[in-house]
Amino acid sequence: GVSKESILARVNQIGRRKQYAENKNKFKKIQQEAMRENTKAEIANDTNIKVIKAQELLIAFLYYNPDFYRHIEEVISPEDFSVSDNKAIFSRLSERIKEGLSLDYTFFSESLTPEQMSAFVKICKTNRELTSSPKTCEDCIEVIKTSKKKSESKQSVTSLSDEEYLR
(Lines give C-alpha, C1' and ligand atoms only; values in the text may rest on other atoms or scores of the structure.)
Protein backbone atom coordinates (compact mmCIF):
# COMPACT_ATOMS: atom_id res chain seq x y z
CA GLY A 1 0.00 0.00 0.00
CA VAL A 2 0.78 3.67 -0.03
CA SER A 3 2.12 5.18 3.16
CA LYS A 4 0.23 7.82 5.08
CA GLU A 5 3.21 10.21 4.77
CA SER A 6 3.29 10.07 0.96
CA ILE A 7 -0.46 10.72 0.77
CA LEU A 8 -0.13 13.70 3.15
CA ALA A 9 2.86 15.01 1.18
CA ARG A 10 0.85 14.79 -2.04
CA VAL A 11 -2.16 16.55 -0.44
CA ASN A 12 0.13 19.32 0.85
CA GLN A 13 1.73 19.66 -2.59
CA ILE A 14 -1.68 20.00 -4.25
CA GLY A 15 -2.72 22.54 -1.60
CA ARG A 16 0.41 24.62 -2.21
CA ARG A 17 -0.15 24.53 -5.98
CA LYS A 18 -3.74 25.63 -5.53
CA GLN A 19 -2.69 28.46 -3.20
CA TYR A 20 0.03 29.54 -5.67
CA ALA A 21 -2.51 29.62 -8.54
CA GLU A 22 -4.97 31.64 -6.44
CA ASN A 23 -2.27 34.15 -5.45
CA LYS A 24 -1.13 34.42 -9.06
CA ASN A 25 -4.71 35.14 -10.21
CA LYS A 26 -5.20 37.72 -7.45
CA PHE A 27 -1.97 39.46 -8.45
CA LYS A 28 -2.96 39.40 -12.11
CA LYS A 29 -6.35 40.96 -11.30
CA ILE A 30 -4.70 43.68 -9.20
CA GLN A 31 -2.24 44.40 -12.02
CA GLN A 32 -5.00 44.57 -14.63
CA GLU A 33 -7.10 46.88 -12.46
CA ALA A 34 -4.11 49.14 -11.89
CA MET A 35 -3.43 49.27 -15.63
CA ARG A 36 -7.10 50.04 -16.32
CA GLU A 37 -7.09 52.82 -13.77
CA ASN A 38 -3.85 54.18 -15.21
CA THR A 39 -5.33 54.20 -18.72
CA LYS A 40 -8.53 55.85 -17.47
CA ALA A 41 -6.51 58.54 -15.71
CA GLU A 42 -4.33 59.05 -18.76
CA ILE A 43 -7.38 59.44 -20.99
CA ALA A 44 -9.13 61.77 -18.54
CA ASN A 45 -6.04 63.92 -18.09
CA ASP A 46 -5.02 64.86 -21.56
CA THR A 47 -6.96 63.22 -24.35
CA ASN A 48 -10.44 64.00 -25.54
CA ILE A 49 -12.83 61.52 -27.10
CA LYS A 50 -12.37 62.88 -30.63
CA VAL A 51 -8.62 62.26 -30.47
CA ILE A 52 -9.08 58.77 -29.01
CA LYS A 53 -11.55 57.91 -31.78
CA ALA A 54 -9.16 59.28 -34.43
CA GLN A 55 -6.31 57.16 -33.05
CA GLU A 56 -8.50 54.06 -33.03
CA LEU A 57 -9.84 54.70 -36.54
CA LEU A 58 -6.31 55.17 -37.88
CA ILE A 59 -5.22 51.87 -36.30
CA ALA A 60 -8.22 50.08 -37.86
CA PHE A 61 -7.63 51.80 -41.22
CA LEU A 62 -4.01 50.71 -41.25
CA TYR A 63 -4.93 47.15 -40.22
CA TYR A 64 -7.44 46.78 -43.07
CA ASN A 65 -5.42 48.85 -45.60
CA PRO A 66 -1.74 48.05 -44.98
CA ASP A 67 -0.87 49.24 -48.49
CA PHE A 68 -1.39 52.83 -47.21
CA TYR A 69 1.39 52.37 -44.65
CA ARG A 70 4.06 54.15 -46.74
CA HIS A 71 1.91 57.29 -46.91
CA ILE A 72 0.93 57.15 -43.23
CA GLU A 73 4.54 56.54 -42.15
CA GLU A 74 5.60 59.82 -43.78
CA VAL A 75 3.19 61.95 -41.75
CA ILE A 76 2.63 60.23 -38.40
CA SER A 77 4.57 58.15 -35.90
CA PRO A 78 3.74 56.27 -32.69
CA GLU A 79 4.96 59.30 -30.70
CA ASP A 80 2.02 61.29 -32.07
CA PHE A 81 -0.39 59.02 -30.15
CA SER A 82 -1.43 60.30 -26.74
CA VAL A 83 -2.97 57.06 -25.39
CA SER A 84 -0.15 54.65 -24.47
CA ASP A 85 -2.05 51.49 -25.47
CA ASN A 86 -2.87 52.98 -28.87
CA LYS A 87 0.76 54.02 -29.23
CA ALA A 88 1.92 50.45 -28.53
CA ILE A 89 -0.66 48.95 -30.92
CA PHE A 90 0.15 51.41 -33.72
CA SER A 91 3.88 50.85 -33.22
CA ARG A 92 3.62 47.05 -33.39
CA LEU A 93 1.21 47.16 -36.34
CA SER A 94 3.58 49.49 -38.21
CA GLU A 95 6.55 47.20 -37.51
CA ARG A 96 4.74 44.13 -38.82
CA ILE A 97 3.63 45.92 -41.99
CA LYS A 98 7.12 47.33 -42.56
CA GLU A 99 8.63 43.85 -42.15
CA GLY A 100 6.01 42.32 -44.48
CA LEU A 101 4.76 39.99 -41.75
CA SER A 102 1.28 38.56 -41.26
CA LEU A 103 -1.29 40.82 -39.62
CA ASP A 104 -3.25 37.96 -38.08
CA TYR A 105 -4.19 38.89 -34.52
CA THR A 106 -2.44 35.84 -33.06
CA PHE A 107 0.96 37.19 -34.05
CA PHE A 108 0.42 40.37 -32.02
CA SER A 109 -0.18 38.53 -28.73
CA GLU A 110 3.58 37.96 -28.39
CA SER A 111 4.32 41.67 -28.09
CA LEU A 112 1.12 43.24 -26.72
CA THR A 113 -0.33 42.85 -23.24
CA PRO A 114 -3.67 41.01 -22.92
CA GLU A 115 -5.38 44.38 -22.35
CA GLN A 116 -3.76 45.86 -25.46
CA MET A 117 -4.71 42.76 -27.48
CA SER A 118 -8.29 43.09 -26.33
CA ALA A 119 -8.32 46.79 -27.24
CA PHE A 120 -6.71 46.07 -30.63
CA VAL A 121 -9.28 43.44 -31.61
CA LYS A 122 -12.12 45.66 -30.39
CA ILE A 123 -10.77 48.66 -32.32
CA CYS A 124 -10.50 46.68 -35.54
CA LYS A 125 -13.86 44.91 -35.20
CA THR A 126 -15.91 47.99 -34.23
CA ASN A 127 -14.41 50.27 -36.88
CA ARG A 128 -14.38 47.83 -39.80
CA GLU A 129 -17.04 49.62 -41.87
CA LEU A 130 -15.44 53.04 -41.35
CA THR A 131 -12.06 52.13 -42.81
CA SER A 132 -12.71 52.12 -46.54
CA SER A 133 -12.08 55.80 -47.28
CA PRO A 134 -8.60 57.33 -47.52
CA LYS A 135 -10.33 60.63 -46.60
CA THR A 136 -11.13 59.11 -43.20
CA CYS A 137 -7.44 58.30 -42.79
CA GLU A 138 -6.44 61.87 -43.66
CA ASP A 139 -9.00 63.29 -41.22
CA CYS A 140 -7.72 61.05 -38.42
CA ILE A 141 -4.13 62.09 -39.06
CA GLU A 142 -5.15 65.75 -38.98
CA VAL A 143 -6.97 65.35 -35.63
CA ILE A 144 -4.02 63.47 -34.09
CA LYS A 145 -1.42 65.96 -35.36
CA THR A 146 -3.50 68.96 -34.20
CA SER A 147 -3.90 67.41 -30.75
CA LYS A 148 -0.15 66.73 -30.56
CA LYS A 149 0.62 70.37 -31.47
CA LYS A 150 -1.83 71.64 -28.82
CA SER A 151 -0.29 69.33 -26.24
CA GLU A 152 3.22 70.51 -27.11
CA SER A 153 2.23 74.17 -26.94
CA LYS A 154 0.62 73.63 -23.51
CA GLN A 155 3.80 71.96 -22.29
CA SER A 156 5.99 74.73 -23.64
CA VAL A 157 3.83 77.39 -21.94
CA THR A 158 3.89 75.56 -18.60
CA SER A 159 7.66 75.20 -18.77
CA LEU A 160 8.18 78.97 -19.11
CA SER A 161 9.18 81.03 -16.10
CA ASP A 162 6.80 83.80 -15.00
CA GLU A 163 8.98 86.46 -16.63
CA GLU A 164 9.22 84.59 -19.93
CA TYR A 165 5.47 84.01 -19.98
CA LEU A 166 4.65 87.68 -19.40
CA ARG A 167 6.89 88.99 -22.21
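**Aromatic and charged contacts in a predicted helical model**

Arg92 is buried, its relative accessible area amounting to 15%. In this predicted model, the side chain of Arg92 meets that of Glu95 in a salt bridge, with an N to O distance of 2.6 Å. The two residues are three apart in helix 4, so Arg92 and Glu95 are separated by about one helical turn. Glu95, in contrast to its buried partner, has a relative accessibility of 33% and counts as partly exposed.

The fold in which this contact sits comprises seven helices and zero strands, the order of elements from the N terminus being α-α-α-α-α-α-α. Of the 167 residues of the protein, 29% count as buried. The surface exposed by the protein is about 11300 Å², and carbon and sulfur atoms supply 55% of that area. When contacts between residues at least 6 apart in sequence are considered, 71% of them join residues at least 24 apart.

Four salt bridges are found in the structure, among them the Arg92 and Glu95 pair described above. Another joins the side chains of Asp80 and Lys145, at 3.3 Å from N to O. Asp80 belongs to the loop between helix 3 (69-75) and helix 4, whereas Lys145 belongs to helix 6 (residues 134-158), so this salt bridge ties together parts of the protein that are 65 residues apart in sequence. The acidic partner, Asp80, has a relative accessible area of 9% and is therefore buried, as the cut-off for that class is under 20%. Lys145, on the other hand, has a relative accessibility of 29% and counts as partly exposed.

Helix 6 also holds a salt bridge between two of its own residues, Lys135 and Asp139, which lie four residues apart, about one turn of the helix. The closest N and O atoms of Lys135 and Asp139 are 2.7 Å apart. Lys135 is exposed, with a relative accessible area of 55%, while Asp139, at 37%, is partly exposed.

The aromatic side chains form a further set of contacts, and seven aromatic pairs are present in the structure. In one of these, the ring centres of Tyr63 and Phe120 are 5.6 Å apart and the ring planes stand at 90°, so the arrangement is edge-to-face. Because Tyr63 lies in helix 2 (residues 49-64) and Phe120 in helix 5 (residues 114-126), the pair ties together parts that are 57 residues apart in sequence. Tyr63 and Phe120 are both buried, and for Phe120 the relative accessibility is 0%.

Phe120 also takes part in an aromatic pair with Tyr105, which is likewise edge-to-face, with a distance of 5.6 Å centre to centre and an angle of 85° between the planes. This pair, too, links distant parts of the chain, given that Tyr105 is located in the loop between helix 4 (84-98) and helix 5, Phe120 is located in helix 5, and the two are 15 residues apart. Tyr105 is buried, with a relative accessible area of 16%.

Taken together, ring pairs link Tyr63, Tyr64, Tyr105, Phe108 and Phe120 into a cluster. Two members of this cluster are also approached by arginine side chains. Arg96 lies over the face of Phe108, at 5.5 Å from the ring centre, and Arg128 lies over the face of Tyr64, where the corresponding distance to the ring centre is 4.1 Å.

Nonpolar side chains also appear on the surface, where Val2, Ile7 and Val11 form a patch with about 280 Å² of accessible area together. Of these residues, Ile7 is located in helix 1 (residues 4-46) and counts as partly exposed, its relative accessibility being 45%.

Terms used: Residues numbered from 1 in each chain as written. Predicted model: local features only at pLDDT ≥ 70, side-chain atom pairs only at ≥ 80, totals over all residues. Heavy atoms only, no water. Phe/Tyr/Trp six-rings, centres within 6.5 Å; stacked < 30°, edge-to-face > 60°. Buried < 20%, exposed > 50% of the residue type's maximum accessible area, 1.4 Å probe, protein only. Lys NZ or Arg CZ within 6 Å of the ring centre and 35° of its normal. Patch = residues over 30% accessible without salt bridge, like charges linked within 9 Å, V, L, I, M, F, W, Y side chains within 5 Å. Areas by Shrake-Rupley, 256 points an atom, 1.4 Å probe, with all protein chains shown as cover. Contact = heavy atoms within 4.5 Å.
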